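Here is a set of short exercises to work through with the coordinates open in your viewer. Try each task before you read its solution.

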Amino acid sequence: MSIPQIGVGTFRLKEQAAIDSVRTALEVGYRAIDTAQIYDNEAEVGQAIAESGIPRDQLFITTKIWIDNLAGDQLIPSLKASLKKLRTDYVDLTLIHWPSPEATVPLNESLQALLDAREQGLTRQIGVSNFNITLLDEAVNAIGAENIATNQVEISPYLQNAKLAAFASDNGVHLTSYMTLAYGKAVQDPVLQKIAAKHGATSAQVALAWAMQEGFSVIPSSTKRTNLESNLKAGDLELDAEDLRKMAGLDRGERLVDPEGLAPVWD
């Protein structure tokens, strides 16, 4: 299994903004696109992909199953509906977006449905999102780490999620970082700005490069071509030991995504 190191996210992008962002991202060189059922933009993502003319086998498309569709008899029909919107026969990665609140749907039931979806060719890989250590451990015990392509979680310079990252690494589970730029806060950070100036880079590139050097994939989003182009080049930036030491000092457990009723008890 392999997850692209960098892709473009579409969280909070609606209608024409979603189409334009994905279209521009594909034009400047992105080949991985992340969406979700609850984003309500799968059709727009599908339109942008279709109009790009890029062969399907050159793309890596991720979608995420919403909590209303986690039951064993609902997951696959909902994924088929997503595929129709995305105008594709399969996605490359399907994730459980959030754990079922209060385990209303047993995790194993959803995971088995995902395995069935993969068996049917509806998705190439499967994984989870917003899982803490306890839930990730349960998933690994249920279907094996080899079947979990990634756990997509909030990771930023201010929330480095060290305990979860260590557990995932020890168990052979890859992590994908979302909210890596902390809603743009990282762009304004004086520590990142100083590192960026040293390398002739941008502070956004520093944050993304840091996450990638830590072994995480990243999925930043933007509606601006210049930002999309710049973010894509973050993989070319190599931070040195001193830079990484300064980055480590920014961790303060500052979580930005913690929806009541959805979020598990974080580590």
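A residue counts as buried when its relative accessible area is under 20%, as exposed when that area is over 50%, and as partly exposed in between. Keep in mind that the model you are looking at is predicted.

**Exercise 1. Two tryptophans**

Task: Classify Trp98 by burial, then describe its pairing with Trp266.

Solution. Start with the accessibility: Trp98 has a relative accessible area of 5%, so this residue is buried. Next, take the ring geometry. The centres of Trp98 and Trp266 are 6.3 Å apart and the planes meet at 65°. Planes over 60 degrees apart count as edge-to-face, and that is the label for this pair. Finally, place the two partners on the chain: Trp98 sits in the loop between E4 and H4, while Trp266 belongs to the segment after H10, 168 residues apart.

**Exercise 2. A second ring pair**

Task: The structure holds two aromatic pairs; decide how the rings of Phe11 and Tyr39 are arranged.

Solution. The centres lie 5.4 Å apart and the planes are at 50°. Stacked needs under 30 degrees and edge-to-face over 60, so the Phe11 and Tyr39 pair is tilted. Now locate the rings: Phe11 is in the loop between E1 and H1, and Tyr39 is in the loop between E2 and helix H2 (42–52), 28 residues away. Their surroundings can be read from accessibility. Phe11 is partly exposed at 38%, whereas Tyr39 is buried at 10%.

**Exercise 3. Tracing the sheet**

Task: Find the order of the strands and say which ones lie at the edges.

Solution. Walk across the sheet: eight strands follow one another as E1-E2-E3-E4-E5-E6-E7-E8, paired in parallel, and the sheet is open. The edges are strand E1 (8–9) and strand E8 (217–218), each pairing on one side only. Zoom in on the E1 end, where two bridges connect E1 with strand E2 (residues 32–34). There you will find Gly9 opposite Asp34 of E2.

**Exercise 4. Inside the core**

Task: Which residues of the largest nonpolar core touch the most other members?

Solution. This core has 83 residues, and the ones to pick out are Ile33, Ile49, Ile96, Phe131, Leu136 and Val206. Helix H8 (residues 203–213) gives the most to the core, with eight residues. Another core, of five residues, lies apart from the largest one and includes Ala32, Phe60, Leu93 and Leu95. To see one core member at work, select Ile33: beyond its neighbours within four places in sequence, its contacts include Val8, Val22, Leu26, Val45, Ile49 and Ile61.

**Exercise 5. Two buried polar residues**

Task: Are Thr94 and Ser110 buried or exposed, and what do they touch?

Solution. Take Thr94 first. Thr94 lies in strand E4 (residues 91–96), and its relative accessible area is 0%, so Thr94 is buried. Its side chain makes a polar contact of 2.9 Å with the side chain of Thr123. Other contacts, leaving aside neighbours within four places in sequence, include Thr63, Ile65, Leu79 and Leu114.

Ser110 comes next, in helix H4 (residues 107–119). At 2% relative accessibility, Ser110 is buried too. Not counting residues up to four places away in sequence, Ser110 touches Leu70, Leu75, Ile96 and Val105. Its C-alpha atom is 9.4 Å from that of Gln74, 36 residues away along the chain.

**Exercise 6. Sorting salt bridges**

Task: How many salt bridges does the whole structure hold, and where do Lys185 and Glu254 lie?

Solution. A full search finds ten. In one of them, Lys185 and Glu254 meet at 2.3 Å, N to O. That pair links distant parts of the chain, with Lys185 in the loop between strand E7 (175–178) and helix H7 (190–199) and Glu254 in the segment after helix H10 (241–248), 69 residues apart.

Compare bridges inside helices. Arg245 pairs with Glu242 at 2.7 Å; the two are three residues apart in H10, and therefore about one helical turn separates them. Arg245 is exposed at 52%, and Glu242 is partly exposed at 35%. As a last step, look for shared partners: Asp20, Arg23 and Glu51 are joined into one network. Within it, Asp20 and Arg23 meet at 3.2 Å, N to O.

Note on methods:
Residues are numbered from 1 along each chain as its sequence is written. This is a predicted model: local features need pLDDT of at least 70, side-chain atom pairs count only at pLDDT 80 or more; totals for chains, interfaces and linings use all residues. Side-chain values use heavy atoms; hydrogens and water are left out. Helices (H or I, at least four residues) and strands (E, at least two) are DSSP runs, numbered from the N terminus. Buried means under 20% relative accessible area, exposed over 50%, partly exposed in between (1.4 Å probe, protein chains only). Contact means heavy atoms within 4.5 Å. A polar contact is a pair of N or O atoms within 3.5 Å; within protein, one must be able to donate a hydrogen and the other to accept it, and residues adjacent in sequence count only if both atoms are side-chain atoms. Two strands pair if DSSP finds at least two bridges between them. A nonpolar core is a set of buried Ala, Val, Leu, Ile, Met, Phe, Trp, Tyr and Cys residues joined through side-chain atoms within 4.5 Å. A salt bridge is a side-chain nitrogen of Lys or Arg within 4 Å of a carboxyl oxygen of Asp or Glu. Rings of Phe, Tyr and Trp (its six-membered ring) pair if their centres lie within 6.5 Å; planes under 30 degrees apart count as stacked, over 60 as edge-to-face and the rest as tilted.
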